[in-house]
Amino acid sequence: MRGHKLLWVGVGTAAAFWLLEAAIHTWGFGEGSGWTHNVLPRTANEWWMRGLAVLLITALGAYADRASSALLRSEKERRVVQARLDDTLTRVLSDFLPICGHCKAIREGERWFPLETYVTAHTSTHFSHGLCPKCLPLYEESP
């Protein structure tokens, strides 16, 4: 029987209850001719009461075992979901590039690299430079 520790705790507690009750009847109330005489009930009513107590204690152990197993399962599921969430968050955040709002340089660690240098270093892209029609008049007017 793998697992089921709390079920066995319930069975052990029930057995301890049975023996403790026999000891109380022997030394506490002075009943019977000896301790072992009181271990086994003498009347049907005693059998019924001890059996019911043992059944209830064992049932509580079984219930606690089932509840703790469900709790452990849900904790494992929570850890799996948390790991997936962490992985997704890492992937989403790794897609952000820290870029200068003015010169468009990209920060990698503590160093800043021009946009073209960064993209060329991390991809197979190469740049060629030119001027768009909007910027061309700015350069034609300067001496």
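**Thr26**

I began with Thr26, which I found in helix α1, a run covering residues 5-28, and I note here that the model I am reading is a predicted one. I then asked whether Thr26 is buried or exposed. Its relative accessibility comes to 11%, and Thr26 therefore counts as buried. Looking at its polar partners, I saw that the Thr26 side chain reaches the backbone oxygen of Ala22 at 2.9 Å. I also looked up what Thr26 touches once its neighbours within four places in sequence are left aside, and the contacts are Glu31, Gly34, Trp35 and Asn38.

**Nonpolar surface patch**

Next I turned to the surface, where Trp48, Met49, Leu52, Leu55 and Leu56 make a nonpolar patch of about 550 Å². I followed Met49 from this group and placed it in helix α3, which spans residues 44-94. Met49 has a relative accessible area of 48% and is therefore partly exposed, since the exposed class begins over 50%.

**Cysteines**

Last, I checked for disulfides, taking sulfur atoms within 2.5 Å as the cut-off, and the count by this rule is 0. Cys100 is in no disulfide, and the nearest cysteine sulfur to it, that of Cys103, is 3.6 Å away. I recorded Cys100 as partly exposed, at a relative accessible area of 23%.

Why does Cys132 not form a bond with Cys135? The closest cysteine sulfur to that of Cys132 is in Cys135, and because the two are 3.6 Å apart, they are too far for a bond. Cys132 also counts as partly exposed, with a relative accessibility of 36%.

Definitions and conventions
Residues are numbered from 1 along each chain as its sequence is written. This is a predicted model: local features need pLDDT of at least 70, side-chain atom pairs count only at pLDDT 80 or more; totals for chains, interfaces and linings use all residues. Side-chain values use heavy atoms; hydrogens and water are left out. Buried means under 20% relative accessible area, exposed over 50%, partly exposed in between (1.4 Å probe, protein chains only). Patches are made of residues with over 30% relative accessible area and no salt bridge: like charges are joined within 9 Å, nonpolar side chains (Val, Leu, Ile, Met, Phe, Trp, Tyr) within 5 Å. Accessible areas come from the Shrake-Rupley method with a 1.4 Å probe; for residues, only the protein chains shown count as cover. A salt bridge is a side-chain nitrogen of Lys or Arg within 4 Å of a carboxyl oxygen of Asp or Glu. Helices (H or I, at least four residues) and strands (E, at least two) are DSSP runs, numbered from the N terminus. A polar contact is a pair of N or O atoms within 3.5 Å; within protein, one must be able to donate a hydrogen and the other to accept it, and residues adjacent in sequence count only if both atoms are side-chain atoms. Contact means heavy atoms within 4.5 Å.
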